[in-house]
Amino acid sequence: METLQRTANRGSVSTGYNIDNSVKMEADNTEYLNRVIASGGNRKTWTISAWVKRTEISDASHGGGHTIFAVNVSGNEGCLLRFNTGTTAATLDTLQIDIGAGSTLSRSHTSQVFRDTSAWYHIVLAVDTTQSTDTDRFKLYVNGELVTSYYSRNNPAQDFDTSNNQAANSCTQHIGAYTSGGTSYGKFCGYIAEVNHVDGTALAPTAFGEVDDDTGIWIPIKASPTYGTNGFFLDFKDGANMGDDESGNGLDFTEVNITAADQATDSPTNNFATGNPLGPFRVGAWNITEGATYAQYAGGNDWGSFTSTIAVGSGKWYVEIQAGGSDLFIGAGSEDYNFVGAGNGTGFPEIYYGYTSTNSVGYHANNGDVYNNGTQVVIGTTYTTNDIISVALDMDNGKIYFAKNGTYINSQNPATGANSIALPDTSARYFIGGSSYGTGKNHRCNYGGYTSFTISSGNADANGYGNFEYAVPSGFYSLNTKNLAEFG
C-alpha cells in the first residue's frame, strides 16, 4: 500500500531547524556521488539516513531502481538501498534493501510502495548483524515509522560482515547510483538532502527527526551522532563542492556530472512545487525530468498538458516557464499549439490551458493571445524558443497576468491590477503548467526551488525564497510550503 500520507513530510512545518539545500539528481545525466573507503570501520553495525524527494517513478530504463545509498566491492554490488523500478510488478516502487559483501546477498522488498512525488520521505536504514534476533539485524524506517510489512524479507546471518566500511577490494560508497563492471546503474531521479552515515552504531530515526506535536508530521532535527571512522554528513550547502563532508571526518565525495547548477533550495523544510509526473495530464504523454522541472511532450500528433504538484486556492503566486530549446516548435499551424497557463483540473487531460477546457486560462505561443475558458483575448504578443514566460496568479482577487521576458503583455501590472484577466472560477484551486501538441515540444519550469534553465540575474520573493530570472511582483510569492503556510 502507499505509505501513509499522515506521516509524509511536505516541508510545511516551521521547526526552528532549516535544511537550506538539496542536490538534484537526474538519471539521464548520470549524476551521482562516490568515495573509495580508505580506512576500515565497523562492517557489522552502521546507519544511513537521507531525505529524498522522488520525481520519476516506475521507470525501468535506468537500471531497475533509484538508488539512495550503495556500496560496491571491486565493481560489484555489495549493499544497496533504493526504490525498485524493475519489471516485477509486485515490487515496483517498493524500497529494496540488499545487505551483502560482493557475493553474499540478503535482498528484501517492502510491501509499501512510495509514489508520492510531491512530498519528502525520510529514509533510515540501521544495520546491526550482531543481533541474535534475525529481524533486528536490519531495521528500515520511513518518516520515523518502523517498516514491518515486507513483500519479501531476507535477513543477513548473525555477525555477517557487510561490504560497507570495508577498506579493501576497492569498496566504494555511492549516493544516487551503484556501479557494476564499471557501469553505473540505478541512477536516482529527484532530490536528496541531509545525508548522514554513521559507522559503528545502529541508530533510531529519532537521532535525525521527530514528530511535530501540532501536525503529526515527521520533521528533521539537527543531528549530532558519533560518526565513527567512515561516518559522513552531506548537507549540499557548498555549490562549489557538492560532495563536501561536514561531519568533521573530511570524507568528501567525488561529484560525477554534478556541478553547482545541480544545487537546489527545494528541501524537507521548504518543499517547492515541481511538474507533476503523476498528473493530471495525458497519461504517458510527458517525459518529466530534471527534478520534475523539464516537461517534454511525447504523445505524437496529439494534445497534452501537465500541472504543478501544488494547487492553490488563495494567495498570490509567481512562476516562470521557458520555451526551452529548438525542439519547442515543430511544423506549423495546428501542431504549434503551445500554452502556458493555469487551471483547476476540470477537463484534464483533454485540455489546452484555456483553449479547450473549462476553468482554465492559457497564453498561446504562436498567435500571442490569451484563451480564457475557451474565449480568445486578442493580444498578439507571440513567444518562441528560449523566451521566459512569467505567470503571476492572484487567487485572492481571481486574476492572472503573463509576461514575456520580464515585460507584462497588454500593459498588465500585477502590483496594481491593471489589465488583469479574470479567472473563470474563483472558488477553485488552480495548478500552473503548460500544454503542447506534437512530440518534442518542451517547457522548462521554474517554481523557485530548482530550474534547468540558466538564471543570469537572480531574484527572490519578498520572503527571500526562490531564484528567478525576473523580479517577483510586489505581493506575489514563489510556490512553496513555507509561503503556503503564510498566504495559502
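These notebook entries record what I looked up about two pockets and one histidine in a predicted model.

**Entry 1: the largest pocket**

I began with the space left open in the protein. Rolling a probe the size of a water molecule over the atoms shows where empty space is left. For the largest pocket I noted a volume of about 310 Å³. I found 17 residues in its lining, and those nearest the centre are A261, Q263, Y450, T451 and N467. I then sorted this lining by class: ten residues are polar, six are nonpolar and one is charged.

**Entry 2: the second largest pocket**

I turned next to the second largest pocket, where the space amounts to about 220 Å³. Eleven residues line this pocket, with E56, I57, P277, W286 and I288 nearest its centre. In this lining I recorded six nonpolar residues, three polar ones and two charged ones.

**Entry 3: H122**

I located H122 in strand β8, which covers residues 121-128. Is H122 buried or exposed? Its relative accessibility is 1%, and buried means under 20%, so I entered H122 as buried.

I then listed what surrounds this residue. Beyond its neighbours within four places in sequence, H122 is in contact with S49, A50, W51, Y141, V142, N143, P205, F208 and W218. Two of these partners I examined further. The side chain of S49 forms a polar contact of 2.9 Å with the side chain of H122. The side chain of W218 also makes a polar contact with that of H122, at 2.9 Å.

Last, I checked a C-alpha separation. H122 and G144 are 22 residues apart along the chain, and their C-alpha atoms are 7.4 Å apart.

Note on methods. Residues are numbered from 1 along each chain as its sequence is written. This is a predicted model: local features need pLDDT of at least 70, side-chain atom pairs count only at pLDDT 80 or more; totals for chains, interfaces and linings use all residues. Side-chain values use heavy atoms; hydrogens and water are left out. On a 1 Å grid over the protein atoms alone, a cavity is a set of points where a 1.4 Å probe fits but cannot get out, and a pocket is an open set with protein on both sides within 12 Å along at least five of seven lines; lining residues have an atom within 4 Å of a point. Grid points are joined across faces, edges and corners, and a volume is the space filled by probe spheres set on the points. Ala, Val, Leu, Ile, Met, Phe, Trp, Tyr, Cys and Pro count as nonpolar, Asp, Glu, Lys and Arg as charged, and the others, Gly among them, as polar. Helices (H or I, at least four residues) and strands (E, at least two) are DSSP runs, numbered from the N terminus. Buried means under 20% relative accessible area, exposed over 50%, partly exposed in between (1.4 Å probe, protein chains only). Contact means heavy atoms within 4.5 Å. A polar contact is a pair of N or O atoms within 3.5 Å; within protein, one must be able to donate a hydrogen and the other to accept it, and residues adjacent in sequence count only if both atoms are side-chain atoms.
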